[in-house]
Amino acid sequence: MHWGKIVKVQSRIISCLLVLLVLPVGCGKQPADVPTVPIHPVSGVVTLDGKPIEGARLTLISLQGQQPGDITPNGISDAEGKFQISTYAVGDGAPDGAYAITVSWPEIRNAGGSEPEYGKERLPTKYQQPEQSGFVVTVSEDLQEPVNLELKKK
């Protein structure tokens with residue numbers, strides 16, 4: 001009678017071991033979109049007239065010129081205005097280089113729906129233009145300080 005239970009347990013253990021042995025086989029090759037250049041953390045705070053803004057969309061635009069297919073590092077600020085820039089994974093940072101930073105903060109309609117609807121931009125237009133935003137960051141392994149973006153309504 002007890003042999004039946006033992007056989008079931010053994011077959012489950014063997015099944016689990018087989019699954020564990022098979023899983024790594026499909027993971028032997030790195031995906032094509034894995035970074036081939038160093039990525040460095042970039043974080044900071046964005047404020048408008050001294051107050052943190054939540055939901056601001058930050059984008060780093062390469063000053064070396066964008067090429068078709070380039071990935072654009074970006075991030076979104078939280079309730080305290082804090083942000084982390086992401087390129088390949090959440091909060092991983094950005095590749096080496098000089099970047100203009102653009103900031104957009106649209107009104108959000110239907111925030112509870114599956115797809116938010118974006119309304120009127122709440123920031124002056126200059127902050128969405130890389131050549132006019134006034135914000136530049138040089139990303140490298142030496143970048144240790146947070147990037148503070150102090151925006152003005154007027």
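**The largest pocket, a buried serine and an aromatic pair**

By class, the residues that line the largest pocket comprise 6 nonpolar, 6 polar and 2 charged residues. The structure in which this pocket is found is a predicted model. The lining is formed by 14 residues in total, and those lying nearest the centre of the pocket are Ser62, Asp70, Ile71, Pro95 and Tyr99. Two elements, strand E4 (57-62) and strand E8 (97-104), each give two or more residues to this lining. The volume of the largest pocket is about 230 Å³. Rolling a probe the size of a water molecule over the atoms shows where empty space is left.

The description now turns to Ser77. This residue is located in the loop that runs between strand E5 (74-76) and strand E6 (82-84). Is Ser77 buried or exposed? Its relative accessible area is 4%, and because buried means under 20%, Ser77 counts as buried. The side chain of Ser77 has polar partners in the backbone of two other residues. A polar atom of the Ser77 side chain lies 2.7 Å from the backbone oxygen of Ile53. The Ser77 side chain also reaches the backbone nitrogen of Ala56, at 2.9 Å. Both Ile53 and Ala56 appear again among the residues in contact with Ser77 when its neighbours within four places in sequence are left aside. The other residues in that set are Val46, Glu54, Gly55, Leu58, Lys82 and Phe83.

A further feature concerns aromatic side chains. How many aromatic pairs does the model contain? The count comes to 1 aromatic pair. The ring centres of Tyr127 and Phe135 are 5.9 Å apart and the ring planes stand at 15 degrees, so this pair is stacked; the cut-off for that term is an angle under 30 degrees. Tyr127 is buried, with a relative accessible area of 3%. Phe135 likewise counts as buried, at 14% relative accessibility.

The final residue to consider is Gln132. Where does Gln132 lie with respect to the strands? It is found in the loop between strand E10 (117-121) and strand E11 (136-139). Gln132 has a relative accessibility of 47%, and it therefore counts as partly exposed, since that class covers values between the buried limit of 20% and the exposed limit of 50%. Along the chain, Gln132 and Ala100 are 32 residues apart, while their C-alpha atoms are separated by 9.0 Å.

Note on methods
Residues are numbered from 1 along each chain as its sequence is written. This is a predicted model: local features need pLDDT of at least 70, side-chain atom pairs count only at pLDDT 80 or more; totals for chains, interfaces and linings use all residues. Side-chain values use heavy atoms; hydrogens and water are left out. On a 1 Å grid over the protein atoms alone, a cavity is a set of points where a 1.4 Å probe fits but cannot get out, and a pocket is an open set with protein on both sides within 12 Å along at least five of seven lines; lining residues have an atom within 4 Å of a point. Grid points are joined across faces, edges and corners, and a volume is the space filled by probe spheres set on the points. Helices (H or I, at least four residues) and strands (E, at least two) are DSSP runs, numbered from the N terminus. Ala, Val, Leu, Ile, Met, Phe, Trp, Tyr, Cys and Pro count as nonpolar, Asp, Glu, Lys and Arg as charged, and the others, Gly among them, as polar. Buried means under 20% relative accessible area, exposed over 50%, partly exposed in between (1.4 Å probe, protein chains only). A polar contact is a pair of N or O atoms within 3.5 Å; within protein, one must be able to donate a hydrogen and the other to accept it, and residues adjacent in sequence count only if both atoms are side-chain atoms. Contact means heavy atoms within 4.5 Å. Rings of Phe, Tyr and Trp (its six-membered ring) pair if their centres lie within 6.5 Å; planes under 30 degrees apart count as stacked, over 60 as edge-to-face and the rest as tilted.
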